[in-house]
Amino acid sequence: MKLPFDLKDIKPGSFSYFTKRKLQNRTGEETGEIFLWKKKDEEESSYMLKCPFCSEEQQGKVLLVRRPYRVKCSKCKKSITLPKLVDQAKREAKKEMKG
Ligand SMILES: [Zn+2]
């Protein structure tokens, strides 16, 4: 996926956050991906998503209020839960240890 802006053009402090995460389908394969960001002067977060279930690429805006954060695929209507960064880091560490 290609972002609608260049990360290098972003001024420090203009975003509340920016995150990029791999998304797993039901069998645990990483078939999807999400970019999620929020500008400081905006209420809603913006995202670009490749659905892990149907592979549809889409973008939209979502108001993230309560954890766990979720976005919904516009095509297959499945709800996609965003893994917390900590959890994902832990899982990946585990995977590496198993070899
Ligand atoms: Zn989908």
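Colleague: Let me start with a single residue: what stands opposite M48 in β4?
Modeller: That is Q59. A little further on, L49 has Q58 as its bridge partner in β4. Please keep in mind that this is a predicted model.

Colleague: What makes β3 and β4 a pair?
Modeller: A pair needs at least two bridges between the strands. Strand β3 (residues 45-50) and strand β4 (residues 57-62) are joined by 6 bridges, so they meet that condition. They run antiparallel and form a hairpin with 6 residues between them. In the turn, S55 has a positive phi of about 65°.

Colleague: How do you know that β1 and β2 pair as well?
Modeller: By the same test, at least two bridges. Here 9 bridges link strand β1 (residues 15-24) to strand β2 (residues 30-39), again antiparallel; therefore they count as paired. One of the links joins R21 to I34 in β2. This hairpin has 5 residues between the strands, and G28 takes a positive phi near 85°.

Colleague: What connects β2 to β3?
Modeller: There are 5 bridges, and the two strands run antiparallel. L36 has Y47 as its bridge partner in β3. These strands also form a hairpin, with 5 residues between them.

Colleague: What sheet do these strands build, and in which order?
Modeller: They build an open sheet of 4 strands, ordered β1-β2-β3-β4 with antiparallel pairing. The edge strands are β1 and β4, as each pairs on one side only. On average, neighbouring strands of this sheet are turned by 15° against each other, direction ignored.

Colleague: What else lies along the chain?
Modeller: The protein has 6 strands and 1 helix. Its pattern is β-β-β-β-β-β-α, read along the sequence.

Colleague: Why is S74 called partly exposed?
Modeller: A buried residue has 20 or more other C-beta atoms within 10 Å, and an exposed one has 12 or fewer. S74 has 13 such neighbours, so it falls in between and counts as partly exposed. S74 sits in the loop between β5 (70-72) and β6 (79-81). Its C-alpha is 8.4 Å from that of E56, 18 residues apart in sequence.

Colleague: What about M1: why does it get the label it has?
Modeller: M1 has 14 C-beta neighbours inside 10 Å. That lies above the exposed limit of 12 and below the buried limit of 20, so M1 is partly exposed. M1 belongs to the segment before β1.

Colleague: Which residues does M1 touch, leaving out those up to four places away in sequence?
Modeller: They are E33, F35, M48, K50 and E57. For E33, 32 residues apart from M1 along the chain, the C-alpha separation is 8.4 Å. A contact is judged on C-beta atoms within 7 Å, so that C-alpha value does not conflict with the contact.

Colleague: What makes up the largest nonpolar core?
Modeller: It has 8 residues: L23, I34, Y47, L49, C51, V71, C73 and I80. To belong, a residue of a nonpolar type has to be buried and joined to the others through C-beta atoms within 7 Å. L23 touches I34 and I80, among others, and both of these are core members.

Colleague: How much of the protein is buried?
Modeller: Of its 99 residues, 11% are buried. As for long-range links, residues 24 or more positions apart account for 29% of the contacts with a separation of 6 or more.

Terms used
Residues numbered from 1 in each chain as written. Predicted model: local features only at pLDDT ≥ 70, side-chain atom pairs only at ≥ 80, totals over all residues. Contact = placed C-beta atoms within 7 Å. Axes fitted to C-alpha atoms, helices over the stretch in contact; angles between N-to-C directions.
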